[in-house]
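Work through the exercises below with the model open beside the text. Each task is followed by a solution that proceeds step by step.

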Amino acid sequence: MRQTLALFVDAYRELNAKKMFWLVMILSGLVVAVFAAVGINERGIQILFWTLDTEFLSTKAMTKEFFYKQVLFVGLGIGFWLTWVAAILALVSTSGMIPDFVSGGAIELTLSKPIGRARLFLTKYVTGLVFVALQVAVFSVACVLVFGLRANYWEPRILLAIPIVVLFYSYLYSVCALVGLLSRSALTALLVTVLFWFVVFLFNAADAGLLSEKLRHEQMAIQRETRVEAIDTQIGLLKDRQANETTDDGRDAMQGRIDRRVGDRDQEAEKAASARNAMNAWGAWHHRVYMAKTILPKTGETTSLLGRYLISAEEEQEHLEAAQDLVEDRDQPDEREPDEVPPVNRRDAERDSAQDMQTEFRERSLWWIIGTSLIFEFVVLGIATFIFARRDF
Amino acid sequence: MNHATPTQEFPTIKAMTTAASQAISTTKSRGDDAYAIDLQGVHKTYRGKVHALRGIDMRVGRGEVFGLLGPNGAGKSTLVKILMTVIRPSKQRGHLLGHPVGHKPTLARVGYLPEHHTFPGYLTGAQILDFYGAMAGVVRSDRKKRIGALLDMVGMTDWADKKVKGYSKGMRQRVGIAQSLMNDPALVLLDEPTDGVDPEGRRDIRGIMNRLRDEGRTVFINSHLLSELEAVCDRVAILVQGTVERQGTIDSLTQDQRRYEIELVGTEAPEVRQALSCDGNTLTTGESLEVERNVIRIGTDDPVVVQPLVDAVRAAGLTIRSLRPVRPSLEDLFMEAVRDKQTGEVLKPGAAPNVKNHKRGGRTS
């Protein structure tokens, strides 16, 4: 315990001596200051005493709580600042910790102390997370205070960001530690980690993109199949009306309408089948990407957990509906004939597929998100620890 | 953490030193408490079949100052690193303070100063001592007490709160030595402790070594500076190409090469030989005799043997300018050890070539 504490104190001293640490801390403070200056009202965003007319970011589209939680904290604070900008700066700062630790002249002294190599390496790895832990802790506490004092919105669950962001960073830092140990170069460790992160990002983007396409085609298929059923019903009605017609002309006219509807139905059925095929094709690709992602750390999903815990599915649904209402208010009125079957609505399909996608992401299990990511991390750290324990320095 | 204070472990220094010497003269095969270091058959082969160590047998008694010498690449630092678990041996049966080499808890009682060590530049001298003390398992209250005392001992009190990045090499070395003593060690391994240190600093470090010995600690020094070692070491070992070429007290190692030299005034070898009535290179009593111009060298450290020669020279009317016993220096010993027995040439630096059953035939005194 004494040695563990000494390593943590040393890590803090090392960070304290780095300008980058304090630069990121100051920038985090500025971000919180911006949060303190921003709010929403009925017209739009309010910045100090000025209001910008932004209907989609107003109390008409969302509650104030939702704005602070989702838009400011989860979206900007965590999603952009801490898990992108601050994470990159943290990598820049901490990528040298393991190479410095194992450099000639330094490692001999540490290894000669009565502490096992595995424990030594793993403790050193954990101290590398101190940078991010301190940053996110200060940022989250500041956000809780700012939201509470400014909008009387006290949300202690915001502090969940601390373990979640540290966990997210730990996935990347495990790769950084392994490469740093092998190469003994901070620059190599940084570049390889960023490259790895980019690969994970590509998989995340492919996952989202392919799933979106699959669900959109599914919604299109459902709409077209619904339309086929509606046309069939219409054809049935027309046939009934045709049977009731007393004149040949009337029956012919009805037959003409029936034939057109049958043509429409066949065309629609063909499009529905095509949409189903497309859905299956996109689905197959998505499945492959999903399987590949299983063995990779889930960086995006891990940070999204914060949104999942802070914003309920109902809140999210309410927000989507409110936003949709705003869009529909602006739409032209429906000028269709009363008996006409409604056409396929792409916007509806996209809206429904977006909801399906959110549901699917929300339903991804904690085990799949954190469990498999931790397995990846443990495997990488296991390899690094094995190398460290057996290497001659 | 197990901390044995020197006073507990070493009741009287003299008694221990005597006990160590006695123990060294006996042959024991397992780790014995009389030895601080007891190594047998230490081998290290690096990748590429580079044999850094080829079966080191070495014993260091408790309470003695032991010097390890050797040319560059002889395997000195490798041996020290094996003792400190920095390098894993290929094969060994060794003990450190009575525990097998590699036993981590034992290292809580061992201090170590590596060669070419680097300290984190963001730490002050006091923080370095605190950090490495904590890593060695020293409790906070003891660390607080020792930091001031040790910095004072190495003359770094004024620099205690200054960052190491501003230190000179000699200052870092002083802090390094203080660091190695933070855990109040029973055994201290110092790898090139005077590297980069000015003459005054060397004298101070020599004083520290003597003080450590007086406190009953075992000091193991690895150094190139033979004169430094000669001044402080009780025993030395010379490592050449991964094997112990010689080990023992300096006296015992130089025993065979001690001689007397008689220098005469204004004469030449034939006259001298005539005066001595000796044409050969051996005296009738068996000692070697060498005459070079006006200098007579007699291979003995016994003054009684020399007396008849003095009488003979004086009887022949020759004038003696000086008569002195000559003891080879550690440097002479070292240079002899690093010469190839067959060719007489100085061996090339580096590890021994990959020759099966490589053996140079070490000597123990």
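Buried area is the accessible area, taken with a 1.4 Å probe, that two parts lose on being put together, summed over both. The model used throughout these exercises is a predicted one.

**Exercise 1. The interface**

Task: Determine what area is buried between chain B and chain A, and which residues of chain B supply the most of its share.

Solution. Begin with the total: about 2,600 Å² is buried between chain B and chain A, and carbon and sulfur atoms give 58% of this area. Within the area that chain B buries against chain A, Arg88(B), Tyr122(B) and Met135(B) supply 27%, more than any other three residues. Next, count the participants, which are 33 residues from chain B and 26 residues from chain A.

Then turn to the polar side of the interface, where 2 salt bridges are found across the two chains. A salt bridge joins Lys44(B) to Asp392(A), with the closest N and O atoms 2.5 Å apart. In addition, 16 residue pairs are in polar contact across the interface of chain B and chain A, both residues being at pLDDT 80 or more. Finally, assign the contact to elements: β1 (35-46) and α4 of chain B each supply at least two residues of the side that touches chain A, and α4(B) gives the most, with 6 residues.

**Exercise 2. Classifying aromatic pairs**

Task: Decide how the rings of Phe21(A) and Phe131(A) are arranged, and how those of Phe119(B) and Tyr132(B) are arranged.

Solution. A pair of aromatic rings is described by the distance of the centres and the angle of the planes. Planes under 30 degrees apart count as stacked, over 60 as edge-to-face and the rest as tilted. Over all chains, the structure holds 24 aromatic pairs. For Phe21(A) and Phe131(A), the centres are 5.4 Å apart and the planes stand at 75°, an edge-to-face pair. Phe21(A) belongs to helix α2 (residues 19-37) of chain A and Phe131(A) to helix α7 (residues 130-151) of chain A, so this pair ties together parts that are 110 residues apart in sequence. Both Phe21(A) and Phe131(A) are buried.

For Phe119(B) and Tyr132(B), the centres lie 5.9 Å apart and the planes are at 50°, so this pair is tilted. Phe119(B) sits in the loop between β6 (110-113) and α4 (125-135) of chain B, while Tyr132(B) is in helix α4 of chain B, 13 residues apart. Phe119(B) and Tyr132(B) are also buried.

**Exercise 3. Salt bridges within a chain**

Task: Place the salt bridge of Asp248(A) and Arg251(A), that of Asp204(B) and Arg174(B), and that of Arg258(B) and Asp301(B), and establish how accessible the partners are.

Solution. Over all chains there are 44 salt bridges. In the bridge between Asp248(A) and Arg251(A), the N to O distance is 2.4 Å. Both residues lie in helix α10 (residues 248-294) of chain A, 3 residues apart, which is about one turn of the helix. Asp248(A), with a relative accessible area of 49%, is partly exposed, and Arg251(A), at 30%, is partly exposed as well.

The bridge between Asp204(B) and Arg174(B) has its closest N and O atoms 3.3 Å apart. It links distant parts of the chain, with Asp204(B) in helix α7 (residues 199-214) and Arg174(B) in helix α6 (residues 169-180) of chain B, 30 residues apart. Because buried means under 20% relative accessible area, Arg174(B) at 15% counts as buried, whereas Asp204(B) at 29% is partly exposed.

For Arg258(B) and Asp301(B), the closest N and O atoms are 3.7 Å apart. Arg258(B) is in the loop between α9 (250-254) and β11 (259-264) of chain B, and Asp301(B) is in the loop between β13 and α11 (303-315) of chain B, 43 residues apart. Arg258(B) is buried at 18% relative accessibility, and Asp301(B) is partly exposed at 38%.

**Exercise 4. The surroundings of one loop residue**

Task: Describe where Asn294(B) lies and which residues Asn294(B) touches.

Solution. Asn294(B) is in the loop between β12 (289-292) and β13 (295-298) of chain B, and its relative accessible area of 18% makes it buried. Leaving out residues up to four places away in sequence, Asn294(B) touches Ile262(B), Glu263(B), Leu264(B) and Thr267(B). With Leu264(B) the approach is polar, since a polar atom of the Asn294(B) side chain lies 2.8 Å from the backbone oxygen of Leu264(B).

Note on methods. Residues numbered from 1 in each chain as written. Chains lettered and ligands numbered in written order. Predicted model: local features only at pLDDT ≥ 70, side-chain atom pairs only at ≥ 80, totals over all residues. Heavy atoms only, no water. Phe/Tyr/Trp six-rings, centres within 6.5 Å; stacked < 30°, edge-to-face > 60°. Helix = DSSP H or I, 4+ residues; strand = E, 2+ residues; numbered from the N terminus. Buried < 20%, exposed > 50% of the residue type's maximum accessible area, 1.4 Å probe, protein only. Salt bridge = Lys/Arg side-chain N within 4 Å of Asp/Glu carboxyl O. Polar contact = N/O pair within 3.5 Å; in protein donor to acceptor, adjacent residues only side chain to side chain. Contact = heavy atoms within 4.5 Å.
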